[in-house]
Each structure stands twice: as C-alpha cells, then as structure tokens.
Amino acid sequence: SCVHTENCFVPISEIIAVEETEFNKKQRNIGRWHKMAKLHAFTVYYVKKARNHRWRCSDVTFWCADEPLCNQWIQALKELLEMQKSRPKQLLVYINPYGGKRQGKRIYEQKVAPLFSLASISSDVVITEHANHAKDNLFEVNIYKYDGVVCVGGDGMFSEVMHGLIGRMQKDSGIDQNNPKASLVQCNIRIGIIPAGSTDCICYSTVGISDPVTSALHIIVGDCQPLDVSSVHHNNTFLKYSVSLLGYGFYGDILKDSEKKRWMGPMRYDYSGFKTFLSHHYYEGTIAYQPAKHTHGSPRDKESCRTGCYICKKSEKELAEQHKERGLKHEEGEEEWKVIKGKFLAINAVNMSCACPRSPKGLSPAAHLADGSADLILVRKCSRFDFLRYLVRHTNQDDQFDFPFVDVYRVKCFQFTSKLSEDNESNVMDIGKKRFGQFCRDHPACCCNVVNSTWNCDGETLDSSAIEVRVHCQLIKLFARGIEENCKDEAAYSQSTIEQLL
C-alpha cells in the first residue's frame, strides 16, 4: 500500500510510460518507508494538463516492500499501454534547421527526443538541407513502415510534408493530381507538428497552443484529428494544397511585400500589413461557388469546432451519403453554381478558423476542421476606415461579418476569374483556358499601371490569377485532438497527481 497527500484519476490513454525505479535515483517521499531493508518501486509518467491547453509530462512513484506485487503492477500497466493501438511506435521526423529562429534542431533534441525515448518510440530523423527536401524524400522512402510523419518547423515545413505525403498517396493509387475533379485517396499516415517556425497557425488551430512539448505529448498518446484539404488548380494543372488560408487581395499583397523583407524577421508582417492597408488596392473579378449543402453549421454560428466536434461528424456522414446516392452520376454537373461579380479588397477562403495569439477567434470563428467545406469571405470595396473596422474585429469578440460590405458563404468548391479574364471568356465556368497574369485594378490615388495581386496559400505565394478550388473532406489526419473545452476545469483537474492505487 502507499499513501499520498494528493489524489486524482488519470486515464490510461494519458499515461506516457511506466518504468521500474531505483531508489538511489528517486529518494523523495519515502517518509515512513525508510526503516525497511529493501524497497521496490515503479514510476508512472503521465500527461499533466495546465492552462491554455498546455500539456506537461509529470510523474508519480509508487513503492512497496513486496517485489512480486511491484512487478505485477508494472506488468499490468505495461500491458494496458500496449493495448493503446493508436499510439505510434515508429516515426519519420523531418527537421527544418533554418526556419523561424533556427531553433528546430535544438528544440527536437532537447524537448522532444527525450519524451519519444521515454515512450519507447523509435524515430528516423532527416535534417532538411534545401527547399522541398522533405517533399521529395517522401516520394522515395518506404513510408508504410512508419506510424506517422513528424515535421519540426513552421507552417511552411508542414505544408511541404503535407504535399509530399498526399502526392505520394495519389501516386501509389494511380490518381492524377492534375485532374481538379479527381476523388483523392485519404492519407491514413498521421502528421505531427512540432512548432518551431515564425508562424504556427495550423498547430495553434488544432491543438490550442504552439508549444513543442504539448505537441510531442499529443503525438505520444496517439491523438487523431482529421483535416480538410483544399486543392488549387489552374487550367487543369495542379498548383497547391491549402489547409488554412487561401487569400487574394489584402492578405496576398501582405505576403508578396513581406517576402522581399525576410531580413526583418517576424516584424516584416507588421510592416507589410501597415503598408498594404495604406495602399488600399482592390481587384475586380467574378466568383462562382457551390454551397456546401451537406454541412450542419454555418459561418454565422456561435458553434466553434472543438474536440470530437459533432458538426464535423454529422457533415462527414451527410457528405458520404450524398456521394453514395449519386453513384456513377457526375458529382457536380447538375448542381447549382452561384455567381458574384464585384470589386474586392480581400477574397479569403479558410478551411479552419485561422486563430492565432493576435486573433484568438481567427478569420472565421465558426469554421470547422473536418466538415468538408471552406468559408469563403468576400470583403467588397469600401473606405479605409470601414476596412479598418473590419480588421479590428479579428482581435475582439464582435461579429466580424456584421458589415454591409462583407459576405461569407460556406462552400465545397469555388472558381475565381479576374475582370481581364472575364473580358476574354464568355462563361465563368470556362476559366483557366488561358493563363492571365494580371488583375485589373481601379485605384485613382496611384498612377501605376495595372497591378496583379498574389494568392496567399498557407503563407506561400501563388501567382496564378484564374483558379479553381475544391475541398476534400478529411483528406489528412494529424496527431492532435482539436481544441478541448473547459480548459479552466482541466487546469483545476490537473493540479493533483495520479490516484493512489496500491
């Protein structure tokens, strides 16, 4: 038996490891047991939840004089951990040594590798040496021997690993990524993100915090969060995949300007954002979209996507039933397209809320991670003051869509063509037949010639003006569980240690 001052219950799913303990290494709390000739003990390492979704590895030691009883407990707990089939045993790890503050390698070696070792996870580590190293490598290695692929870096590193993994899966299944209407094969090999970049939006939106230890623990316990992915095509040619933001106009212009100022570090986003706001460019064009009729939510809901989200589950089921009913029919041929023409300051399509520390609600607070849809946000031409009011609402609790110049739609696919393209094409459905490099801009305060903006695709530039975007429901899976509810209750719950069972 063992006495301890604090009590709590920890599920087996959140126990990290169980190890036999040597007393010369672990002297604390032996109290009344010190008179015994020989003690036997084991230590249980477990997830301790703190505030703001932060996880830490904590431990508690159990001891007794009966060696067979101690061994029996160790064996029983290890068998229970072996039954946790969702836990990874072998991982492929890509580390970007150049991203963010160049701390990726140090973060992995000091904070992550010891936890993986404790949890008996073996890993093959690849230090990337150039752009697309990880992506190219994923086409060559035997990925099927791994339980997951981990990227250590920022959103750019995640994007590279995601493109490599999705591309490899399609190649192995004989699917042509250049066909915009192709049904892509889901990736069952999970992706883990150890945040070590200048932007970690995806990690923040799927775990709730950008913290390497927290993310490592989510990987260890084998969490799984499906994620929608949008494919972007131009002229029947595959361009990119997107999981967070696909933005034209304001966010595209910020990215284009900031890329020239990488020497400034993270400050470049503030500088470019201010400069882009003052320039106040708007772009004329036409959007055609198909509403996501299978979804059970809407962008104006107060229902945020949380762990075990019922809206994602119901929407996935509804989408699967729709596909089953159609059978061999053309998936979208008979479906209704809605068309909008106008002058826009910003065109944003988001697959997730895009929350970050500066914008805790994100660009679309009610966007869902895995419901098979994207939220299409159109900010029409308006005054600088009105646009500033809209931007400020990203940082507070007010409804950011409650403006006459802002429209938001939940869509499963959309197409966009510029005014220049439209003048040359009779039908918006025929976009992409020709490559148009420029957008028409109407800005009387500037004497420049016609200027083209850039698409911001998950923080990477995309220069094609005419694009077709399609959402693929739950195409990939992450080692995450979404944002957990009641983090205050969890913090109180985690103040104690493991329930004393001996």
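The exercises below go through parts of a predicted model, each with a solution in steps.

In this predicted model, local features need pLDDT of at least 70 and side-chain atom pairs count only at pLDDT 80 or more, whereas totals for chains, interfaces and linings use all residues. Residues are numbered from 1 along each chain as its sequence is written, and side-chain values use heavy atoms, with hydrogens and water left out.

**Exercise 1.** Work out what span is expected for helix H4, and whether H4 is largely enclosed or not.

*Solution.* Start with the naming: helices (H or I, at least four residues) and strands (E, at least two) are DSSP runs, numbered from the N terminus. Helix H4 covers residues 155-172, which is 18 residues. The expected span of a helix is 1.5 Å times one less than its number of residues, and for H4 this comes to 26 Å, close to the 26 Å found from its first C-alpha to its last. For the second part, recall that buried means under 20% relative accessible area, exposed over 50%, and partly exposed in between, with a 1.4 Å probe and protein chains only. Because 15 of the 18 residues of H4 are buried, the helix is largely enclosed by the rest of the structure. Just after H4, Gly 174 takes a positive phi of about 70°.

**Exercise 2.** Describe how strands E6 and E7 pair, and which handedness the unit with H4 has.

*Solution.* Two strands pair if DSSP finds at least two bridges between them. Strand E6 (residues 148-153) and E7 pair in the parallel sense, over 6 bridges, and Val 152 has Ile 194 in E7 as its bridge partner. Together, E6, H4 and E7 make a right-handed β-α-β unit; right-handed here says that, with the strands pointing away from the viewer, the path from the first strand over the helix to the second runs clockwise. Next, look at the side chains of E7: Arg 190, Gly 192 and Ile 194 point one way, Ile 191, Ile 193 and Pro 195 point the other way, and all are buried. Since 6 of the 6 residues of E7 (residues 190-195) are buried, this strand is largely enclosed by the rest of the structure.

**Exercise 3.** Explain why Cys 201 and Cys 354 do not form a bond, and give the count of disulfides.

*Solution.* A disulfide is a pair of cysteine sulfur atoms within 2.5 Å. The closest cysteine sulfur to that of Cys 201 lies in Cys 354, at 4.6 Å, which is too far for a bond. The count by this rule is 0 disulfides. Cys 201 is itself buried, with a relative accessible area of 15%, and Cys 187 also counts as buried, at 0% relative accessibility.

**Exercise 4.** Classify the ring pair of Tyr 248 and Phe 416 and the ring pair of Phe 250 and Phe 387.

*Solution.* Rings of Phe, Tyr and Trp (its six-membered ring) pair if their centres lie within 6.5 Å; planes under 30 degrees apart count as stacked, over 60 as edge-to-face and the rest as tilted. The whole structure holds 14 aromatic pairs. In one of them, the ring centres of Tyr 248 and Phe 416 are 6.3 Å apart and the planes stand at 35°, so the pair is tilted. This pair links distant parts of the chain, since Tyr 248 is in strand E10 (residues 245-249) and Phe 416 in strand E14 (residues 406-418), 168 residues apart. The rings of Phe 250 and Phe 387 have centres 5.0 Å apart and planes at 85°, so that pair is edge-to-face.
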